[in-house]
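Work through the exercises below with the sequence and the 3D structure open beside you. Try each task before reading its solution.

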Amino acid sequence: MKKLLLLLISLGLIFGCAAAADKRSLKDLPKSDFSVEIPAGWWKPQYVNKYLITKDGPFLQYVLIQQRPIDRPFKNTKKKLRKRMLPLESARIIIDEIASDRNITNFKAVENTPAIIDGHAGFKILFTYKDKKGSMFKTLYYGFISNNTFFNLRYNAAIRQYYDKDIADFKKILSSFKLVEG
Amino acid sequence: MDYNHLELLESFTIWNLHQLLEAMMKNMSSTPRLKYFVLILTILCLATACATPPPISIDEALTAEKEEKLLWRRAQEEQQVINDSGWLYRDPELETYLNQVAAKLKAFTDSPDISFDIKIINDPNLNAFAFPNGVIYVHTGVLARMENEAQLAALLAHEMTHCTHRHSLRVLKSIKDQAGYMAAVQKTIEKVVMAQDLARFLGVNGSMAAVSGYTREFEAEADRVGLDLMAKAGYDPRQALNLFEHLQQEIEIEGIKEPFFLGTHPSVQQRMENLSQWLATDYSGNIGLINSEIFRSRLDKLVLDNARLDLRIGRFYAARRSVQKYLHRNQDDAGAYYLLGEIFRQQGQQDDMKKAIKLYERAIALDPSFPAPHKAMGLMHYKEGERRLAQKFFETCLLLSPNSPDKAYIQGYLQRCINSGEES
C-alpha cells in the first residue's frame, strides 16, 4: 500500500511539474481594449481568468490590468465611479473600496497623486496592507476613466524581497500601455 | 467597445489565497493533468492527516475545566488576531465607560471568575460578539445607533450571559467530535452574511460560537438572563426591546443585511415577542435608569467617526443620520458640517450639490482656518468650469494646509485655473 502511494505521488509530481512548466506562458490572456508590452520572464497562471501575470507566483508578485464599466458596483463600497469624475475623486473611491476590504488588515495609503497613463489624466496610489497571516504587501495602483470604462493597472508584491525586485518591469509595462481603438 | 468579455475582468481588490484556490478549482475541469495532480496531493494530505493524531482529542473525555481552558486558549489566539488587525477603535475614555457599565452588570452575575473586557471594533456594521473568556467586541456601527446607556446595558448583558452561562462550552460538549463542533460553529457563523467575511478572516470558527446564533435556546437564555441582569443593575428593562425595535427599523430603512447581534430573521421576531411578554409579566411597572445624556456625550466622537465609515462604504443615508444626530448636540462643529457636505456631494443626487455648498459655507464660517471645505468648494467650482472661484478656494486651501495629502492634485487643478485665466 505504501509503495503504491509513493508511486502515485511520484507520478503526480512528475505530471504536475510537467503541466506547470507547460503553462508558464502568456497565452490565454483575456481579450482586452488595450495593449501592453510584457518583459521576459512573466507568465499568466492558467487558473486565473484575468489579465494577471507574475514572475515568481501570484502570492509573491503580480501585475493585474483591468477594465470595467464605470457603473459596475464595487465589492465593498456602494459608491460608483462617474464619467465626469476628477482623478482625485475616483482615487478616493478606489481607496475607500480597498480600505473597506475585509480580506486585509492594516491598510495604509502611502501616496495618492495625479498620474498620466497613455495620455489620460488619472491617478497613482501606493498602499500597503497585511494579509491574514500577517505578511505585508505593497501595491502600486494606476487608474483612469476613459469614456464609460475604468482602466487600472496594479503591481502587487510582498514587501520583503519582491516589491523592489520587479518594480522596474511594471514601470515598463505601464509606459507601454495603450488603449486600442475599438 | 465590446464589453462581453468584461465578466472575466471583474474587479477585485486584493488577490489572496482564497481567491486563488477558488480560481484553481474552477479551472480543474479544463486541465485534466492538473486535476490528477491535485487529486494525488489531496490523497497525500489525507494520508498524512490520518497518520497524525489531532492536537487535542475530544474523545479523550476531557474535563469541563480542561475543555474550558482549551476554549479560552483559542479565544486568546483569536483575540490577538483582532487586536493586531488595525480594526480596533482606540478611545481609552470610551472603553473605560463601556467597562464601567459592564462592571455594574457583572455585580449581579454568578460568575466572579470571568473578568469582562469590552473592546470596540471600528466597523459600521451592527454587530457585537463575545468570546468565552469574557472579552466582548462591540462594533462602532451598533454603538453609534444606540440611544442611551440602558440600551448599551441590554446589549452587554446579553453578550455577558453567553459567557457566564458557558454557551460555547455547552455547544462543545453537545457535539461528539471536534470536526463536528467546528462545522456546527462555522455553519452558525455563515448564517449571518455580513459577519461572514470578518468572522472567517479572523478565524472565528473554533473556540467561540461567540456571537448570537448559537441556538434558539441559548439566544433565548441570553435574552432572558440579560434582561434580568440589566433590571437588577437598575436599568430600565424596556430599553432592551427598544434597542431591538430601533435596530430592526434602522436595518429596514437602510436596506442593510441583518446584524449578528439580532441573529436571523425568524428568531428575531420570536425574540422580540419573548421580550414583550417578559416585560409585560415580570417587569410590569419596572422603571429604571436610562442615562441618555451621559451616554450621548461619551459617544459623540464615535458617532461622527462611524459616520465616516458609513460614508466610506457608500451608506449615505446612515452617514447622514449619524452626522445630523451629532450636530443636534454639537451645533458649532465645522468638521461635522463639512462631513455632511461631503455626504451630499458624494451622493450626487438632485439638489445635493446645492446642499453641499451650503454646508461647506457653514463649515468655513464656523472655522475659516479649516482647509477641507475650501478644497471641496474648489473642486465643485472647478468641475462646473468656474475657474476663478475654484482658484480662490484652492489657493486658500494650500495656504491653510501646505502639506495637504492631496497637494499634488490641488496644485495641478490650480495651475489649470491660472492658465485658463491667462488665456481668457
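Two residues are in contact if their C-beta atoms, placed from the backbone, lie within 7 Å. The model used throughout is a predicted one.

**Exercise 1. Task:** Find which residues of α4(B) meet which residues of α6(B), and describe how the two helices pack.

Solution.
- Step 1. Locate the helices: α4 covers residues 92–106 of chain B, and α6 covers residues 149–164 of chain B.
- Step 2. List the contact. On the α4(B) side stand V101(B), A102(B), L105(B) and K106(B); on the α6(B) side stand E149(B), L152(B), A153(B), L156(B), A157(B) and M160(B).
- Step 3. Sort the residues of this contact by type: eight are nonpolar, none is polar and two are charged.
- Step 4. Describe the geometry. Two packed helices are described by the angle between their axes and the distance between the axes. For α4(B) and α6(B) the angle is about 60° and the axes are 10 Å apart.
- Step 5. Name the arrangement. The helices α4(B) and α6(B) are therefore oblique to each other, and α4(B) passes α6(B) in a right-handed crossing.

**Exercise 2. Task:** Describe how α15(B) packs against α16(B) and how α14(B) packs against α15(B).

Solution.
- Step 1. Take α15 (residues 334–347) and α16 (residues 352–366) of chain B: their angle is about 165° and their axes are 8 Å apart.
- Step 2. Angles over 145 degrees count as roughly antiparallel. The helices α15(B) and α16(B) are therefore roughly antiparallel to each other, and their crossing is left-handed.
- Step 3. Look at the residues that make the contact. Those from α15(B) include Y337(B), Y338(B), L340(B) and F344(B), and those from α16(B) include M353(B), A356(B), L359(B) and Y360(B).
- Step 4. Sort the contact of α15(B) with α16(B): 11 residues are nonpolar, two are polar and four are charged.
- Step 5. Turn to α14 (residues 316–329) of chain B, which packs with α15(B) at an angle of about 160°, the axes being 10 Å apart. That makes α14(B) roughly antiparallel to α15(B).
- Step 6. Give the handedness: α14(B) passes α15(B) in a left-handed crossing.
- Step 7. List this contact. From α14(B) come F316(B), A319(B), R320(B), V323(B), Y326(B) and L327(B); from α15(B) come A336(B), L339(B), L340(B), I343(B) and Q347(B). They divide into nine nonpolar, one polar and one charged.

**Exercise 3. Task:** State which domains the assignment gives for chain B, and how many residues of domain 1 are in contact with domain 2.

Solution.
- Step 1. Read the bounds: the domain assignment of chain B gives domain 1 as 63–281 and domain 2 as 302–423.
- Step 2. Count across the boundary: 10 residues of domain 1 of chain B are in contact with 11 residues of domain 2 of chain B.
- Step 3. Find the main contributor on the domain 1 side. Helix α5 (residues 140–145) of chain B gives the most to it, with four residues.
- Step 4. Sort the residues of that side: four are nonpolar, three are polar and three are charged.

**Exercise 4. Task:** Decide for Y141(A), Q161(A) and D351(B) whether each is buried or exposed.

Solution.
- Step 1. Recall the cut-offs: a residue is buried if 20 or more other C-beta atoms lie within 10 Å of its own, and exposed if 12 or fewer do.
- Step 2. Y141(A) lies in strand β6 (residues 136–146) of chain A. With 23 C-beta neighbours inside 10 Å, Y141(A) counts as buried.
- Step 3. Name the contacts of Y141(A), leaving aside neighbours within four places in sequence: I94(A), I125(A), N152(A) and R154(A).
- Step 4. Q161(A) sits in the loop between β7 and α3 of chain A. With 11 C-beta neighbours inside 10 Å, Q161(A) counts as exposed.
- Step 5. D351(B) lies in the loop between α15 and α16 of chain B. D351(B) is exposed, with 8 other C-beta atoms within 10 Å.
- Step 6. Check the backbone of the loop residues. Most residues other than glycine have a negative phi. Phi of Q161(A) is near 70°, a positive value, and phi of D351(B) is near 70°, a positive value too.

**Exercise 5. Task:** Summarise the secondary structure of chain A and of chain B.

Solution.
- Step 1. Chain A has three helices and eight strands, in the order α-β-β-β-α-β-β-β-β-α-β along the sequence.
- Step 2. Chain B has 19 helices and three strands.
- Step 3. Add the burial: 39% of the 182 residues of chain A count as buried, and 42% of the 424 residues of chain B do.

Methods:
Residues numbered from 1 in each chain as written. Chains lettered and ligands numbered in written order. Predicted model: local features only at pLDDT ≥ 70, side-chain atom pairs only at ≥ 80, totals over all residues. Axes fitted to C-alpha atoms, helices over the stretch in contact; angles between N-to-C directions. Parallel < 35°, antiparallel > 145°, perpendicular 65-115°, else oblique. Left-handed = near helix turned anticlockwise from the far one by under 90°. Nonpolar A, V, L, I, M, F, W, Y, C, P; charged D, E, K, R; others polar. Domains from an automatic or database assignment.
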